[in-house]
Amino acid sequence: ANDDRKAGWLTRRAVLAGGIGTTAIVAMPDLARAAAAERAADAAAPPGHFFLYGTTAPAPGRSAGVQAARSPAPGGLPSSAGSAAASPAVPERAPAQKPAGARRAGASAPVPVATSLAAAPVVSPDQAWVVLAAVAGSDHGPVVTVSILEKASARLAHAAAVTLRGIPADASILVTPVFTPDSSVICLVLGISVPGPGRQVPKRDPRTGATATVLASDWRSQHALAYVERRTGAVAGPFYLRDEPSLALSTAVATAGDLFVWTTPDPRAVPRDKSHAPPPPLPSVSVFPLGEGKARLTVPSPAPWPAGEPVGALASGNVARFVNARTLQVCAAADGDITQVGIAPLAAGRAKPSPATMTPRPDGTLFFAKPAIGRAVIVDPARSFAVRHGLSFAPPAKPFGGLPSKAVLSPDGAVLYVLGGAKSGGLAVYDVVTGKLTGAYGDGRQYSGIYVLPSGTLLAISPDNPRLAYFSADLTPLGTADAGLYVSAVY
């Protein structure tokens, strides 16, 4: 009887898939590359794509998905590129192992590529591949599917499936994909939360004071690992870590030979003394040889608890976790020893905590940006994390909301592009070496994010349509486009 009752429950996965404003990812051609390709003799050359990730508008039957967008009209960049809505198309060929709802995308028309996203997309370090994760149910347990897309063409290169046998169908699965530095392996950290037996509990409405009886369950979490070879789609795992009970959220990063995973014990499992509350449990970091499910070492880690914060692999083989928007926790690969390094230019205090970003660069340096205080910093791990360059700029109008990318470096690292200040709006550009403002563009719009596309074109994101605004490297406007979704990240 209990099984029959549970069969009628709505799972978290079903609610998210059918909800209003579900996440979606749209593959759009890099307009500058597309225009050049269409003017060239070889019109079949791929124009290159970037990917928009965000929240769709309410629509019946719509769930998270991926779309490839229509190429621009020949002859140059459009003044308005239109909406990136989906339309039917015929796949080139079916892959050997195809995730639910996935199909290959042509570059000339907008077509769905994948559906039912379970995690934010991840781009490979070489910027050539995009990985999408989905979770579906099966008779044998939840199935995590991984779609590997070629970024230049937005075509599906490989698809792999990981079946979590023995896990109930109504389990909640948090998927964290991580690339190795050479882009050859995708490591999957899976947070598996399973509900316990349901029970009826009273719940009081704080507005009316009325009490109603609702169904509730206690959830217990553990983690599993799996590895996908990018070139072939071959899978190793899953390997269950047997760390129950723990919190489902985690942070992970891979080096050439190891996978580092931060997890936290479930506070409910900490022994309690009625006389006083116990301190919150500390997280731990475990180091797994690539392809394996047994850690070669596990050590305590300083707070805060892991929750997908910025993390990166260093040239030394060690890894760095960026916490509290001002401190690096450097974990040694040899013994797990953790050293905390403060980034002084980011330490300015504010009454409200402000977010910051960390981006590893090809030359081994780390780029940090903290828009709320108008600071950007490049540090060199090879020189004890000394500050190589520091820049100051006017904080944007909305430093806490919108997209995380509000300050970006040019591909060569010579200039810094930022959102314009709260009063001026628009965009601004600074020389990295001198720190001086070298250009600005203002059109009265307050953008929420800025990105540099593979062609070198700048993409500014606005909260309202036309949400996409394209600029040249010198901030000359090139065109605009409607996105068809509320953008939260660009890849």
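The exercises below work through salt bridges, strand pairing, nonpolar cores and backbone geometry in a predicted model.

**Exercise 1. Determine which residues are joined with Arg 388 into one salt-bridge network, and describe the setting of each.**

Solution. Begin with the pair formed by Arg 388 and Asp 363, whose side chains meet in a salt bridge with an N to O distance of 3.7 Å. This pair links distant parts of the chain, since Arg 388 belongs to strand 26 (residues 386-392) while Asp 363 sits in the loop between strand 23 (357-360) and strand 24 (366-370), 25 residues apart. Salt bridges that share partners then bring in Asp 380, so that Asp 363, Asp 380 and Arg 388 form one network.

Next, consider accessibility. Arg 388 is partly exposed at 38%, and Asp 363 is likewise partly exposed at 48%. Asp 380, in strand 25 (residues 375-380), has a relative accessibility of 9% and therefore counts as buried, the limit being under 20%. Beyond four places in sequence, Asp 380 touches Thr 365, Phe 385, Ala 386 and Arg 388.

**Exercise 2. Compare the salt bridge of Asp 205 with that of Asp 266, giving the partner and the N to O distance for each.**

Solution. The structure holds eight salt bridges, and these two can be taken in turn. Asp 205 pairs with Arg 207, with the closest N and O atoms 3.7 Å apart; Asp 205 is partly exposed at 24% relative accessible area, whereas Arg 207 is exposed at 76%. Asp 266 pairs with Arg 268 at 2.8 Å, N to O, and Asp 266 is buried, with a relative accessible area of 5%.

**Exercise 3. Establish whether Ser 193 is buried or exposed, and identify the residue whose side chain it joins in a polar contact.**

Solution. Ser 193 lies in strand 10 (residues 185-195). Its relative accessibility is 9%, so Ser 193 counts as buried. Leaving aside neighbours within four places in sequence, the residues in contact with Ser 193 are Ala 171, Ser 172, Trp 219, Arg 220, Ser 221 and Ala 248. Of these contacts, the one with Ser 221 includes a polar contact of 2.6 Å between the two side chains. A further spatial relation concerns Ser 246, which is 53 residues away from Ser 193 along the chain, although their C-alpha atoms are separated by 9.3 Å.

**Exercise 4. Describe the open sheet that contains strands 19 to 22, and then the hairpin of strand 29 and strand 30.**

Solution. The open sheet has four strands in the order 19-20-21-22, with antiparallel pairing. Its edges are strand 19 (311-313) and strand 22 (338-342), each of which pairs on one side only. Averaged over the sheet and with direction ignored, neighbouring strands are turned by 20° against each other. Within the sheet, five bridges join strand 20 (residues 319-323) to strand 21 (residues 327-331), and Val 323 has Thr 327 as its bridge partner in strand 21. The loop between these two strands contains Asn 324, a residue other than glycine with a positive phi near 55°; Asn 324 is partly exposed at 45%.

In the hairpin, strand 29 (residues 427-431) and strand 30 run antiparallel and are joined by four bridges, with Gly 439 of strand 30 as the partner of Val 429. Five residues lie between the strands, and Gly 435 takes a positive phi near 75°. Strand 30 (residues 437-441) lies largely in the open because zero of its five residues are buried.

**Exercise 5. Identify the residues that touch the most other members of the largest nonpolar core, and list the elements that contribute two or more residues to it.**

Solution. The core has 24 residues, and those touching the most other members are Val 144, Leu 164, Ile 173, Val 175, Leu 188 and Leu 190. The contributing elements are strand 6 (129-136), strand 7 (143-150), strand 8 (155-163), strand 9 (172-179), strand 10 and strand 13 (219-229). Apart from this core lies another, of 16 residues, including Phe 322, Val 330, Phe 368 and Val 377.

**Exercise 6. Locate the cis peptide bond that begins at Glu 244 and the one that begins at Ala 303.**

Solution. The bond from Glu 244 leads to Pro 245, with omega near -5°, and Pro 245 is in the loop between strand 14 (235-240) and strand 15 (251-254). The bond from Ala 303 leads to Pro 304, with omega about 10°, and Pro 304 is in the loop between strand 18 (297-300) and strand 19.

Key:
Residues are numbered from 1 along each chain as its sequence is written. This is a predicted model: local features need pLDDT of at least 70, side-chain atom pairs count only at pLDDT 80 or more; totals for chains, interfaces and linings use all residues. Side-chain values use heavy atoms; hydrogens and water are left out. Buried means under 20% relative accessible area, exposed over 50%, partly exposed in between (1.4 Å probe, protein chains only). Contact means heavy atoms within 4.5 Å. A polar contact is a pair of N or O atoms within 3.5 Å; within protein, one must be able to donate a hydrogen and the other to accept it, and residues adjacent in sequence count only if both atoms are side-chain atoms. A salt bridge is a side-chain nitrogen of Lys or Arg within 4 Å of a carboxyl oxygen of Asp or Glu. Two strands pair if DSSP finds at least two bridges between them. Axes are lines fitted to C-alpha atoms, for helices over the stretch in contact, and angles run from 0 to 180 degrees between N-to-C directions. A nonpolar core is a set of buried Ala, Val, Leu, Ile, Met, Phe, Trp, Tyr and Cys residues joined through side-chain atoms within 4.5 Å.
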